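I opened the file to look up two things. The ligand site comes first in these notes, then the strands.

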Amino acid sequence: MELLLEADPSIGKILHYLAGAQCFVAQIDEAVVGVYVLKETVPAKYELMNISVAPSRQRRGIGKALLEHAIARVREGAGLRLEVGTASFGYYLTFYQRAGFRVSSVEKDFFLENYPEPLYEDGIRHTDMLRLTLDLSKGKIAT
Ligand SMILES: CC(C)(COP(=O)(O)OP(=O)(O)OC[C@H]1O[C@@H](n2cnc3c(N)ncnc32)[C@H](O)[C@@H]1OP(=O)(O)O)[C@@H](O)C(=O)NCCC(=O)NCCS
């Protein structure tokens, strides 16, 4: 829960989306160093609800490995799309774009309306949330 709260300050929201979701952890020497939460929101459509790496373990490839694991899980479950909501600028955006995610929509004022404390990165306040989608349907035969 400590790690999940790094990515999402609302414990209420976390408990809500954990119900019916799959939660995976990365461990080093039995210590949990990373986590992600995956949920099938509608049939064949999944959402990455949370991904987080312990601050002292970041920038060592654990986040990338967790994201690749999540994508593989969705493929294994015959999922066609994986979505994630993230900030409209900054390294989180490139973190997902490198894995092939593309912008599918914008939720205006999301960070103003859903976060009690202002969130800043590079001196700029986060306001809008981008919804990113990884399309996994290519190469599959529609049924
Ligand atoms: C997003 C997060 C999970 C990435 O985990 P990580 O283990 O640090 O990620 P990786 O080491 O696999 O980094 C992959 C790439 O992302 C980028 N990146 C990661 N952290 C970065 C940072 N602090 N600043 C700039 N770029 C960063 C880099 O391009 C990095 O590759 P590089 O180290 O080869 O340059 C981690 O930063 C985190 O837990 N953040 C807090 C929780 C959070 O807000 N999660 C929700 C994100 S929407």
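Which element gives the largest share of the shell around the ligand? I checked, and H4 does, with 4 residues. I keep in mind that this is a predicted model.

**Entry: the shell**

I listed the elements that give two or more residues to the shell around the ligand. They are helix H1 (2-7), strand S3 (45-53), helix H3 (62-76) and helix H4 (91-97). I then sorted the shell by residue type. I found 8 nonpolar, 5 polar and 5 charged residues. There are 18 residues around the ligand, and Val53, Gly61, Gly63, Lys64 and Arg98 come nearest.

**Entry: polar atoms at the ligand**

I looked up distances to oxygen atoms of the ligand. For glycine 61, a polar backbone atom is 2.8 Å from one such oxygen. Glycine 63 also uses its backbone: an N or O atom there lies 2.7 Å from a ligand oxygen. Tyrosine 92 offers its side chain instead, with a polar atom 3.1 Å from an oxygen of the ligand.

I asked next how much of the ligand's accessible area the protein covers. On its own the ligand has 910 Å², and the protein covers 75% of that. I also looked at the pockets. The largest pocket is the space that the ligand takes.

**Entry: S1 and S2**

I moved on to the strands. Strand S1 (residues 22-28) and strand S2 (residues 31-42) run antiparallel, joined by 7 bridges. I traced one pair: glutamine 22 has leucine 38 in S2 as its bridge partner. The hairpin of S1 and S2 has 2 residues between the strands. I noted aspartate 29 in this hairpin, with a positive phi near 50°.

**Entry: S2 and S3**

How many bridges join S2 to S3? I count 8, and these strands run antiparallel. Glycine 34 stands opposite valine 53 in S3. I had already met Val53 among the residues that come nearest the ligand. S2 and S3 form a hairpin with 2 residues between them. In its turn, I found alanine 44 with a positive phi of about 70°.

How values were computed. Residues are numbered from 1 along each chain as its sequence is written. This is a predicted model: local features need pLDDT of at least 70, side-chain atom pairs count only at pLDDT 80 or more; totals for chains, interfaces and linings use all residues. Side-chain values use heavy atoms; hydrogens and water are left out. A residue is near a molecule or strand if one of its heavy atoms lies within 4 Å of it. A polar contact is a pair of N or O atoms within 3.5 Å; within protein, one must be able to donate a hydrogen and the other to accept it, and residues adjacent in sequence count only if both atoms are side-chain atoms. Accessible areas come from the Shrake-Rupley method with a 1.4 Å probe; for residues, only the protein chains shown count as cover. On a 1 Å grid over the protein atoms alone, a cavity is a set of points where a 1.4 Å probe fits but cannot get out, and a pocket is an open set with protein on both sides within 12 Å along at least five of seven lines; lining residues have an atom within 4 Å of a point. A molecule sits in a cavity or pocket if more than half of its atoms lie within 2 Å of its grid points. Ala, Val, Leu, Ile, Met, Phe, Trp, Tyr, Cys and Pro count as nonpolar, Asp, Glu, Lys and Arg as charged, and the others, Gly among them, as polar. Two strands pair if DSSP finds at least two bridges between them.
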